[in-house]
Amino acid sequence: MNNDGRQFAPATARNREAILEILKNELPSDGTVLEIASGTGEHGHYFTPHFPGLIWQPTDYLPENLSSISAWQNYESRENFLPPKKLDATSSLWPVEETGYPHPDITAIFNANMIHIAPWNVCVGLFEGAGRVLNAEGLLILYGPYKINGEHTAPSNADFDIWLKNRDPDFGVRDIEAVSEIAEKNGLSHVQSFAMPANNFIQIFKKL
Ligand SMILES: C[S@@+](CC[C@H](N)C(=O)[O-])C[C@H]1O[C@@H](n2cnc3c(N)ncnc32)[C@H](O)[C@@H]1O
């Protein structure tokens, strides 16, 4: 951690450029991007200058992450990078649903590296919330590792899966088919998949 409270995730520095290139083509030009599980806050801090028409709402459920996100905002303020909100993906009422939330035009949700390193009910909660808050045609954009047809896409992902399950048997690299099934139950459809560096993917779901 830096003296000013900013935390740094080395993986974010490695993946942010490749993610940005996809977001430039896929994100809508206006509205609010709700980021779930912002972690250190580095993604939002890095992306927002590239999307002047979008408002970026970072969130996380851990107080230490909310502090780091605020520290990134204090370090370099960006008009369209909002103060973080506490949001647990499993909650049945997200803060953006509360009466008086000033930016409820949610045209996209961005979520990186969460659903494999959290219990399955967090993935379910993410899609239930996306089903509630996204505008029609809104996008849910996920980044992380996936299995395809039950198979890992690289030996390193298989090793990572074992490491995750040793940490918590309910963690694990998710099957894109299982995730898509949850999406369908919540009114979203899996519309696109991008292979990314380091055996990761961007998966895009659209609210019908
Ligand atoms: C590996 S970190 C990824 C952080 C960031 N998105 C990134 O890519 O650097 C996993 C994140 O998921 C968050 N998380 C885990 N369970 C959550 C939940 N139930 N609701 C919201 N966030 C959660 C953690 O607090 C953490 O920020």
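**Figure 1. Asp-161 sits in helix H5.** Welcome to the first close-up of this predicted model. Asp-161 has a relative accessibility of 7%, and because buried means under 20%, this residue counts as buried. What does Asp-161 touch once its neighbours within four places in sequence are left aside? Its contacts are then Lys-147, His-152, Gly-172 and Val-173.

**Figure 2. The largest pocket has a volume of about 1,200 Å³.** Helix H5 (155–167) comes back into view here, as one of the elements that give two or more residues to the lining of this pocket. The others are helix H1 (10–26), strand S1 (31–36) and helix H2 (42–47). H1 supplies the largest share of the lining, with six residues. In total, 44 residues line the pocket. To find its centre, look for Ala-112, Asn-113, Met-114, His-116 and Ile-117, the lining residues that lie nearest to that point. By residue type, the lining holds 24 nonpolar, 14 polar and six charged residues.

**Figure 3. The largest cavity encloses about 40 Å³ of space.** How many cavities of 30 Å³ or more are there in the model? The count comes to one. Two stretches of the chain are worth picking out around this cavity. Asn-111, Asn-113, Met-114, Ile-115 and His-116 are among its lining residues, and so are Leu-142, Tyr-143, Gly-144, Pro-145 and Tyr-146. Strand S5 (residues 139–144) gives the largest share of the lining, three residues. The lining divides into six nonpolar and four polar residues, with no charged ones. Some names will be familiar from the previous view: Asn-113, Met-114 and His-116 line this cavity and also belong to the group nearest the centre of the largest pocket.

**Figure 4. Helix H4 is mostly covered, with 10 of its 14 residues buried.** This helix runs over residues 120–133. At 1.5 Å a residue, its 14 residues should span 20 Å, and the end C-alpha atoms are 20 Å apart, so the expected and modelled spans agree. Which residues of H4 are buried? They are Val-122, Cys-123, Val-124, Gly-125, Leu-126, Phe-127, Gly-129, Ala-130, Gly-131 and Val-133. As a reminder while you follow the helix, an α-helix has 3.6 residues a turn, so residues three or four places apart point the same way. The cover over the buried residues of H4 includes the strands S1, S4 (106–112), S5, S8 (188–196) and S9 (200–207). Helix H6 (176–185) is also part of that cover. Strand S5 thus appears twice in these views, in the cover of H4 and in the lining of the largest cavity.

Notes. Residues are numbered from 1 along each chain as its sequence is written. This is a predicted model: local features need pLDDT of at least 70, side-chain atom pairs count only at pLDDT 80 or more; totals for chains, interfaces and linings use all residues. Side-chain values use heavy atoms; hydrogens and water are left out. On a 1 Å grid over the protein atoms alone, a cavity is a set of points where a 1.4 Å probe fits but cannot get out, and a pocket is an open set with protein on both sides within 12 Å along at least five of seven lines; lining residues have an atom within 4 Å of a point. Grid points are joined across faces, edges and corners, and a volume is the space filled by probe spheres set on the points. Helices (H or I, at least four residues) and strands (E, at least two) are DSSP runs, numbered from the N terminus. Ala, Val, Leu, Ile, Met, Phe, Trp, Tyr, Cys and Pro count as nonpolar, Asp, Glu, Lys and Arg as charged, and the others, Gly among them, as polar. The expected span of a helix is 1.5 Å times one less than its number of residues. Buried means under 20% relative accessible area, exposed over 50%, partly exposed in between (1.4 Å probe, protein chains only). Contact means heavy atoms within 4.5 Å.
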